[in-house]
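Grab the viewer and work through the exercises below, each followed by a solution. Try each task yourself before reading on.

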Amino acid sequence: MSRRTLQIDDVLHDYLIAHSLREHPAQTALREATASHPHAGMQISPDQGQFMALLVKLLGARRAIEIGVFTGYSALTVALALPEDGRLLACDISDEYTRVGRPFWQQARVAHKIDLHLAPALQTLDAQLAGGAAGQYDFAFIDADKTGYDAYYERCLLLLRTGGLIAIDNTLWSGSVARPARDADTAALQKLNAKLHADARVDLSLLPVGDGLTLARKR
Ligand code: SAM
Ligand code: CA
């Protein structure tokens, strides 16, 4: 039974977590602090975070971008995977959300690696490009407003070096991408998935990790 991805029920999920999850105490504490937040469901799962951290290390990434920080769990996870002189350009518009994460970034002693820009991400990315940062980044994680994804993807492709990796979150959108779209977010994800499938500028994999995680490696 290995010709297609297996279905994960709760028992198997618990096994997977029990036999693989390794977290810094600050990551566990930040997850617990986020759990009671009304939008807690926006946070990536810890197993997805651990996978992304592995990718960051495999890439030997020093400079990374995150679009969509929320309370800072994915930023903390990527920052922990970066070397001591590594930097994460973290983009969000919400001081309210991101202020939750900052004490935990400090607790993990990675706050100095995270440059938080509180502004629309497109503005931050375009400022980076205008400042000559094209080709300077190794890794990008896109996890903000879904209708903005295509523009973020295009900017990240410019900002990444050849061989750099873009990870795009929620590309299966609870399965709704496989059905007729009823809202703008689903339609935007469907359009992007179709574009990525045909995009010769990248090597591609769409994984059933979390809510769907697309990996696009810049050729
Ligand atoms: N990666 C986070 C995690 O794992 O905890 C979750 C991010 S959450 C799904 C999406 C975030 O995108 C929110 O914090 C929201 O404030 C932010 N956001 C929405 N529109 C944005 C924009 N135009 N520019 C930057 N951030 C934006
Ligand atoms: Ca997400």
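**Exercise 1. Sort the shell around ligand 1 by residue class.**

Step 1: the shell holds twelve nonpolar, four polar and three charged residues. Here Ala, Val, Leu, Ile, Met, Phe, Trp, Tyr, Cys and Pro count as nonpolar, Asp, Glu, Lys and Arg as charged, and the others, Gly among them, as polar.

Step 2: a word on what you're looking at. This is a predicted model, where local features need pLDDT of at least 70 and side-chain atom pairs count only at pLDDT 80 or more, while totals for chains, interfaces and linings use all residues. Residues are numbered from 1 along each chain as its sequence is written, chains are lettered from A and ligands numbered from 1 in the order in which they are written, and side-chain values use heavy atoms, with hydrogens and water left out.

**Exercise 2. Find the residues that come nearest to ligand 1, and look at their polar atoms.**

Step 1: there are 19 residues around ligand 1, and Gly 68, Ser 74, Asp 92, Ala 121 and Asp 143 come nearest. A residue is near if one of its heavy atoms lies within 4 Å of the molecule.

Step 2: go for the nitrogen atoms of the ligand. Gly 68 puts a backbone N or O atom 2.8 Å from a nitrogen of ligand 1. Ser 74 has a polar side-chain atom 2.8 Å from a ligand nitrogen, and for Asp 143 a polar side-chain atom sits 2.9 Å from one.

Step 3: check the cover. On its own, ligand 1 exposes 600 Å², and the protein buries 89% of that (areas come from the Shrake-Rupley method with a 1.4 Å probe).

Step 4: place Ala 121. It belongs to helix α6, residues 121-130; helices (H or I, at least four residues) and strands (E, at least two) are DSSP runs, numbered from the N terminus. Ala 121 is buried, with a relative accessible area of 8%. The scale is: buried under 20% relative accessible area, exposed over 50%, partly exposed in between, with a 1.4 Å probe and protein chains only. For a longer reach, the C-alpha atoms of Ala 121 and Leu 160 are separated by 16 Å, with their positions 39 residues apart along the chain.

**Exercise 3. Which protein atoms are the donors of the calcium ion (ligand 2)?**

Step 1: list them. Asp 143 appears twice through OD atoms, joined by Asp 169 (OD) and Asn 170 (OD1), at 2.2 to 2.9 Å from the ion. Donors are N, O and S atoms within 2.8 Å of the metal (3.2 Å for Na, K and Ca); water is not among the atoms, so sites may look incomplete.

Step 2: read the spacing, which is D-x25-D-N. The pair Asp 143 and Asp 169 links distant parts of the chain, 26 residues apart: Asp 143 is in the loop between β4 (137-142) and α7 (149-159), and Asp 169 in strand β5 (residues 160-169).

Step 3: buried or exposed? Asp 143 is at 13% relative accessibility, so it counts as buried. Asp 169 is buried too, at 4%. Asn 170 is buried because its relative accessibility is 11%.

Step 4: look at the backbone of Asn 170. Its phi is positive, about 65°, although it is not a glycine, and Asn 170 lies in the loop between β5 and α8 (184-197).

**Exercise 4. Which element gives the most to the largest nonpolar core?**

Step 1: the core has 30 residues, and Val 78, Leu 88, Ile 114 and Phe 139 touch the most other members. A nonpolar core is a set of buried Ala, Val, Leu, Ile, Met, Phe, Trp, Tyr and Cys residues joined through side-chain atoms within 4.5 Å.

Step 2: elements giving two or more residues include α2 (25-35), α4 (73-81), β2 (87-92) and β7 (213-218). The answer is α4, with six residues.

**Exercise 5. Track down the polar partner of the Gln 27 side chain.**

Step 1: Gln 27 is in helix α2 and is buried at 7% relative accessible area.

Step 2: its side chain makes a polar contact with that of Thr 77, at 2.9 Å. A polar contact is a pair of N or O atoms within 3.5 Å; within protein, one must be able to donate a hydrogen and the other to accept it, and residues adjacent in sequence count only if both atoms are side-chain atoms.
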